[in-house]
Amino acid sequence: MRRASAIQRLLVFRTFALAALAILLPAAEFFVDPDIGYPALIPIITLMIVFHIFSLIRYRHNMVISTIAMLGQVLADLLFLTLILNSTGGATNAFVSLLLLPIVFAGVSLSIQMLGMVTLLAMAAYSYLLLTMPEHAMHMMDMKQHFIFMGANFFISALVIALVVGAMARMIADRERMMANQREEQLRQEQLLALGSASAQVTHQLATPLGHMQLLFDELREAYPKEPVVEELAQPLAQTARHLDYFRTLAQAIREGRSEQITINQLLSKLADAVLLHFPEQSLEYRRTELPGTIQCDAMLLPALLNLVQNAVQANESRGAKRLNLDCSVEQGRFTLMLRDFGPGIGDHNLAHLGDGLQKSESGLGMALMLSNATFERLGGHLTLSNHPEGGALARVTLNLEQQNETPADR
């Protein structure tokens, strides 16, 4: 699809061209050449006006126009120009170079293949005008060489315009696309920074009341040593304290930029243990085979994977499912991890954007997925979400394998 500005520019230019034809052609016939044949142009100009009015009505409120429709507009202009020039002297007409204009519009609004087609058709139109040129145009002299050079000049001009305008249009489009990607990335980084700052602030604020609750719990335990309600507080308090300590460890590791190499089997073993610890009611099914290779890991990789597991567990709970499928493979220097749940899947309106930024999802704003995807991208990987054909959602994580230096003993 093309931007509406392309068709709007074309329609505005055609409006001025039609106004100029309606004014200049009668004046030229009256003041310059009575034999210009203006009455013969009336059917062509009328057909052109009807086509233009239809185009104005059709694309008046359209924000986008298909590539095929834009091609049809350009080819229609090329056809009308050829018919007008053919009725007013053909290749001898001083305005025959107007056949280059459809090439310009094609260069800034169509693909390279369609630009090549429009260029060839413009050359064919000029060749037709050249071959059907009236005999009296030679002025009783041998003007064949002159018109051959005129044709060569037109062909060279058409090729140069197609190459230069097409290349510049592609460069501008690539630059706009790159700037748009940079703006999106900057927005995502700002969101991540805001989330990190908010998380650090909340964690810092929780430390004081948690310490106070721990002191109260110790006093309650001493006063009521056999009270079961008091004993039930021990586990959630200890778990909260562990989470805060773990967050401090993560923050310290990120601040110092610490990273390490870990084998794939070690990562899978840690992930399986973490799933068993945090989600004991869920069964993680995967083939426990030895996979070769190591990956670059930091303190956020395992929590990022656990975020995916937590989302999968929430999806399972909505359907009463109790199992998760984990499939891993190594090929072409990349490690692929695929986690499948058996929940309702992901809606189409969220599927294309979850993980790229804060998006409205069934259970929140997709914050965990955005943080996980940012971690994978920082490690040279990527997260892809899709729906499994047999039901449920599928999260695919790809990470680069570390290159192993070959030693003399390995040879």
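**A sheet, its helices and three salt bridges**

Hi everyone, let's start with a helix: H9, residues 264-278, lies across strands S4, S6 and S7, and runs at about 20° to S7, which covers residues 334-340. Keep in mind that this is a predicted model. On the same topic, helix H10, residues 301-319, packs on the sheet and touches S6, S7, S8 and S9. The direction of H10 makes about 140° with that of S6.

So what is the order of the strands in this sheet? Reading across, we get S4-S6-S7-S9-S8, five strands in an open sheet with mixed pairing. S4 (283-285) and S8 (382-387) stand at the edges; each has a single partner strand, so one side of each is left without a neighbour in the sheet. From one strand to the next, the twist averages 20°.

Let's zoom in on the S4 edge. S4 and S6 run parallel and are joined by three bridges. For example, leucine 284 has leucine 324 in S6 as its bridge partner. These two strands also share a salt bridge: glutamate 285 in S4 and arginine 323 in S6 are 38 residues apart, and their closest N and O atoms are 3.4 Å apart. Glutamate 285 counts as partly exposed, at 33% relative accessibility, and arginine 323 is partly exposed too, at 37%.

How many salt bridges are there? The count comes to three. In another, the side chains of arginine 14 and aspartate 77 meet at 2.8 Å, N to O. That pair links helix H1 to helix H3, across 63 residues. Are these two residues buried or exposed? Both arginine 14 and aspartate 77 are buried.

Then there is arginine 177 with aspartate 174, where the closest N and O atoms are 2.3 Å apart. Both lie in helix H6, three residues apart, or about one turn of the helix. Arginine 177 is partly exposed at 46% relative accessibility, and aspartate 174 is partly exposed at 41%.

One more residue to look for is leucine 379, in the loop between helix H12 and S8. Why does leucine 379 count as buried? Its relative accessibility is 16%, and buried means under 20%. Leucine 379 touches Gln296, Asp298, Leu301 and Leu399, leaving aside residues up to four places away in sequence. Asp298 is 81 residues away along the chain, yet the two C-alpha atoms are separated by 8.2 Å.

Last, helix H5: its 20 residues should span 28 Å, and the end C-alpha atoms are 28 Å apart, which agrees. Its buried residues include Met114, Val118 and Tyr126. Thanks for listening!

Definitions and conventions: Residues numbered from 1 in each chain as written. Predicted model: local features only at pLDDT ≥ 70, side-chain atom pairs only at ≥ 80, totals over all residues. Heavy atoms only, no water. Pairing = 2+ DSSP bridges. Helix = DSSP H or I, 4+ residues; strand = E, 2+ residues; numbered from the N terminus. Axes fitted to C-alpha atoms, helices over the stretch in contact; angles between N-to-C directions. Contact = heavy atoms within 4.5 Å. Buried < 20%, exposed > 50% of the residue type's maximum accessible area, 1.4 Å probe, protein only. Expected span 1.5 Å × (residues − 1). Salt bridge = Lys/Arg side-chain N within 4 Å of Asp/Glu carboxyl O.
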